[in-house]
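Colleague: Got a minute to go through the labels on this one with me? I'd like to hear the reasoning behind each of them.

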Amino acid sequence: MTDQQLVIENFQEKIKIFTRAVKGKYIEKQGFVLANTKIPTDTFNILLSKTKHIENMDSIRKNIEKMRDEKYPLSAWINHQYLSDDWQLLMKEYHLHEAERNALMKRKNTMDINMENMHKLAITQVTSREDFHAYKKIFLSLFEGTLEKLALETYFERYEQVNNHEKCQMFIGQVDGVVVSTGLLINKTHSYGIYDVMTREDARGKGYGSEMFPISSHTNKR
């Protein structure tokens with residue numbers, strides 16, 4: 001399996017966890033994955049391509065059209081290696097928004113950071129309701145003043161009602177007891193994925209987000 005295939009496989013695991021956590025519809029077919037949380041958020045409603053050529057066009061169309069009828073927005077995640085004419089035509093036909101593409105981050109890129117030059121960012125795993133609300137607050141702050149924020153509030157309300165999945169670990173980073181950053185780890189047998197690294201607006205530009213990568217990885221694997 002190539003590095004990029006590992007990235008896509010790990011992201012697929014994230015999609016599955018976050019869809020099933022809120023009792024949404026998770027569809028896995030040859031060449032694509034589609035997540036419908038049944039909440040109007042294109043942050044978590046995702047079409048993920050896994051091959052260059054679309055083998056199940058009718059199935060994709062059927063599910064996209066059903067989501068449109070239910071007024072559930074959808075974003076597309078397509079690796080540049082798979083961005084064929086077929087996928088581009090499908091995106092254009094349904095006016096799909098392409099989310100930022102997956103970026104491959106290898107473990108070696110996070111192991112060479114000089115810890116002595118880093119801030120004393122205290123990173124802890126989210127285990128309490130208070131921690132979860134701090135995580136959610138920073139996440140939602142990125143969508144301030146949008147309808148997406150309202151949809152995400154609904155999503156997190158439902159997510160909070162379930163136990164955290166063992167393969168999904170949320171983290172918060174604190175400086176002097178104040179939460180300034182977040183990070184999310186997804187564990188699979190052969191890979192880990194780091195997602196949702198966010199920093200509070202008034203704490204940006206200080207490197208806190210970057211610090212979440214190596215420390216979270218170390219915490220996850222030790």
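**Rings and labels**

Modeller: Sure, and keep in mind that the model is predicted. Let's begin with Phe-44, which has a relative accessible area of 5% and is buried.

Colleague: Why is Phe-44 called buried?

Modeller: Buried means under 20% relative accessible area, and Phe-44 comes in at 5%, so the label fits. Phe-139, at 2%, is buried by that cut-off too.

Colleague: What makes the pair of Phe-44 and Phe-139 stacked?

Modeller: Rings pair if their centres lie within 6.5 Å, and planes under 30 degrees apart count as stacked. Here the centres are 6.2 Å apart and the planes are at 15°, so the pair is stacked. Phe-44 is in the loop between strand 2 and strand 3, while Phe-139 is in helix 5, so the pair ties together parts 95 residues apart in sequence.

Colleague: And why is the pair of Phe-44 and Phe-156 called edge-to-face?

Modeller: The planes of Phe-44 and Phe-156 are at 85°, and over 60 counts as edge-to-face. Their centres are 6.2 Å apart, so the pairing cut-off of 6.5 Å is met as well. Phe-156 belongs to helix 6 (residues 147-159), 112 residues from Phe-44.

Colleague: Which aromatic cluster do they belong to?

Modeller: One that includes Phe-18, Phe-44, Phe-139 and Phe-156.

Colleague: How do you know that the charged end of Lys-14 sits over the ring of Phe-18?

Modeller: The distance to the ring centre is 4.8 Å, and the cut-offs are 6 Å and 35 degrees from the ring normal. Lys-14 also lies over the face of Tyr-195, at 5.5 Å from the ring centre.

Note on methods: Residues are numbered from 1 along each chain as its sequence is written. This is a predicted model: local features need pLDDT of at least 70, side-chain atom pairs count only at pLDDT 80 or more; totals for chains, interfaces and linings use all residues. Side-chain values use heavy atoms; hydrogens and water are left out. Rings of Phe, Tyr and Trp (its six-membered ring) pair if their centres lie within 6.5 Å; planes under 30 degrees apart count as stacked, over 60 as edge-to-face and the rest as tilted. Helices (H or I, at least four residues) and strands (E, at least two) are DSSP runs, numbered from the N terminus. Buried means under 20% relative accessible area, exposed over 50%, partly exposed in between (1.4 Å probe, protein chains only).
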